[in-house]
Amino acid sequence: MADYLIPPTKPATRAGGAPLFDAPVARRGPIAGVAPLAPIDRVYSYIIPDELTERVVPGVRVRVPIGATGRLTPGYCIERSEGEWDATLRAVAEIIDEKPLLSTEMLELGRWIARYYACPIGPTLSVVAPLAARGVSGHRNVRYVRLLRPPAEDEAKSKRQRAVIDLLRKAREPAASSNTDSAGQKGAKAQAQDAGPISVELLRESVGASNAVIRSLKRAGLISVEICREPREPDWPSVAPDEPAFDLNPEQYAAAERVIAAVAARQFRVFLLFGVTGSGKTEVYVRAMRHALAEGRQAILLVPEIALTTQVVQRLTKRFARVAVLHSGMTPAQRSRAWTAIAAGRVEVVIGPRSAVFAPCPRPGVIIVDEEHEASFKNQAAPRYHTRDVAIKRGQIESIPVVLGSATPSLETWHNVGRLPHYELLRLPRRVADLAPPRLHLVDMRAEHRRVKRVTLLSEEMERYLKATLDRGEQAILLLNRRGYANYLFCPKCLTPIVCPNCGVYVVFHQGTDLVHCHYCHERMPVPRKCGMAGCGGTLVRFGMGTERVEEELRVKFPNVRAARMDSDVMVKPSDYADVLGRFERRELDVLVGTQMIAKGLDYPFVSFVGIVSADTALAIDDFRSTERTFQLVLQVAGRSGRSHRGGDVVVQTFNADLPTIRHALNQDYERFAAEELGLRKKAALPPATRMMRIVLADARLTRARDGAIGLASALRERLFAAGMPTRIWDAQPCALPRLRNQYRYEVILTFESASALLSALDRLRSENAFKARVRTLTVDVDPVALL
């Protein structure tokens, strides 16, 4: 631990050479290591005063003086030790929490996140224990009544008063009767003091005690009234129990047994549950969670989207009594109630996206990451952690198994299965009940446009399958991973596109608002009537497609269709997700149109057709992972079809029909795709063959951003090579989005042979304060999932 104040090396003196101050006297006592809740990448040492000796422990928040003015700043006590100190060391001013907010295990996890993802420890712990958990929202004042003495004959004469006294006496009797050696010798007053308190709410429900009755008994000195602040109960989902009656197939049974064995042994292992879509991965999860609960432990299930959370919660609440949800759409009060109930051990299963990985379960038994390949598991604000990797680290700290489930695992996970001893592959190669996989049909849109001689969103083949589905009274899903109506506006006269003034990217026309939107800075502007270029004045043309246009064309071609759209423009609150998915499940909707949020984990037996309007949206992104994302999206959304004996069909429309990625997806051959893609990544020295760190520098001045990036790349190269740390540092270059929110952006990319090499370099660079440049913002992103 580092001291905050350091004595001057040359002490001040009086006239004649006598010291101006007495030399500090060395003492010994308890010292706290405190991480301020501020962007300060340092841990400070503070004396623990005698009056706080028993209360300042790791995990509690304290206030400590910071800076020359001694401004009191909140921070976490992350360690405590006995050591020598002198008068130059400051003292902890006060504590904020009576009990630690973070356990020893969660503190260790927070410190690992801060180290690996290059974020100060204080702000990192603020994410591990979010504001709603630290506050008092979601609590209530509860009045408790305690019997002080038995009433005399002329006291408590009314019927209600007597009923209250009798109930309070009964609350005392178990405690009194259990103490057999002295019960008969105690006086009435001593016996009354053993009586447990009863809430006013319970007295009102049991004997009809009004506030007037309570006040009169209190004035007579018969009872005391205490006020306690207690957390409210979470909003437990009210769903009737419904236990499906079916047996596991041999592959499911074998997978469940392997996970259960690790749960029973409390052994850290990482299981990749690799199963085709519809293979029954959820039932394996349930069996593992059941076993953890049977041993008095808790389970955490992580899902990538709030939309998926909605359906998972609905299904698991039929299987478990106490299910809590944690996600960003909750109010602070709801989040606080859920957090408190989880920490108290009253919750069996915790479900949620990223933040649920930090659920304060006192006895975790298993962590499950469903659809582990999803990029949305990566946090895009500091600390930029990946939920999957944090879950694995927590499993290691807690000595519990972690299950990663996917039909299209991330290449990082697939790579680890083949080389790390604590990873184990569990296969589910067939659908439940031996249902046939969906039939995939490819439509080359280049040939389609030449044949019909017009631009169309839905090919004739897609229309034919969709019509047959609706005629049978079944349901369909149409996916286009792009919001809005038209993603490109330009002037055909001077060929000038309309771009965002803040970002320089193409704006998207949204018919619902009749505005053009920037999907990066969220700027909204009226649609220009004419081209703004001097001397042009041409009429603007809308080109491209989005979910709004798909919905419009669907209603034109099928006027009686009952359709709804699911994208982030219309899905604002968690209740919006629940409403649309509920209507779809009740078959009040025929077709669901949406972006990638409808491609993940949804399971509806009457969906027999899926149409992928364009499989090319991810391929247009300048990112080495674009082919992987395209393959995953096609296979995942195709898996929503044919989840019953009715079978299913999938039509995939693309302008890149010859790409191996598209062909492998049509053949539903993940392993061949993974082998080819991993080979290409290894040749290019890209993840997962290496580990990557991306540094983004942004500034309002282009020259400052560019010069800062060039200077930083040169300095890092010099430092790491001088230290003998092998790494590849790419030359500074503009980002794929070179301007965002009026900030010019440059990037410096470093790749390392292994995670340990990356971590060693990070430790050295942070200790030398090497991440600095004269720019407005500098962001360090370890293991980035997007390079925009």
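## Strand β15 and its neighbours in a predicted model

The structure is a predicted model, in which the protein averages a pLDDT of 86 and 90% of the residues score at least 70. Two stretches where the confidence falls lower should be kept in mind when reading the coordinates. Over residues 1–16 the pLDDT stays under 50, and for this stretch the model has 30 contacts beyond four places in sequence. Over residues 175–195 the pLDDT is likewise below 50, with 20 contacts in the model beyond near neighbours in sequence.

The rest of this report concerns strand β15, which spans residues 402–406 and is mostly covered, five of its five residues being buried. Val402, Leu404 and Ser406 point one way from the strand, whereas Val403 and Gly405 point the other way, and the residues of both sets are buried.

β15 pairs in the parallel sense with strand β10, which covers residues 270–275, and also in the parallel sense with strand β14, which covers residues 364–370. The table sets out these two pairings, with one bridge from each.

| Partner of β15 | Residues of partner | Bridges | A bridge pair |
|---|---|---|---|
| β10 | 270–275 | five bridges | Leu272 with Leu404 |
| β14 | 364–370 | four bridges | Ile368 with Val403 |

Leu404, the bridge partner of Leu272, and Val403, the bridge partner of Ile368, thus belong to the two sets of residues that point in opposite ways from β15, and both are buried.

What handedness does the unit made by β14, helix α12 and β15 have? Together with helix α12, residues 387–398, the two strands make a right-handed β-α-β unit.

Definitions and conventions. Residues numbered from 1 in each chain as written. Predicted model: local features only at pLDDT ≥ 70, side-chain atom pairs only at ≥ 80, totals over all residues. Heavy atoms only, no water. pLDDT = per-residue confidence, 0-100. Contact = heavy atoms within 4.5 Å. Buried < 20%, exposed > 50% of the residue type's maximum accessible area, 1.4 Å probe, protein only. Pairing = 2+ DSSP bridges. Right-handed = clockwise from strand over helix to strand, strands pointing away.
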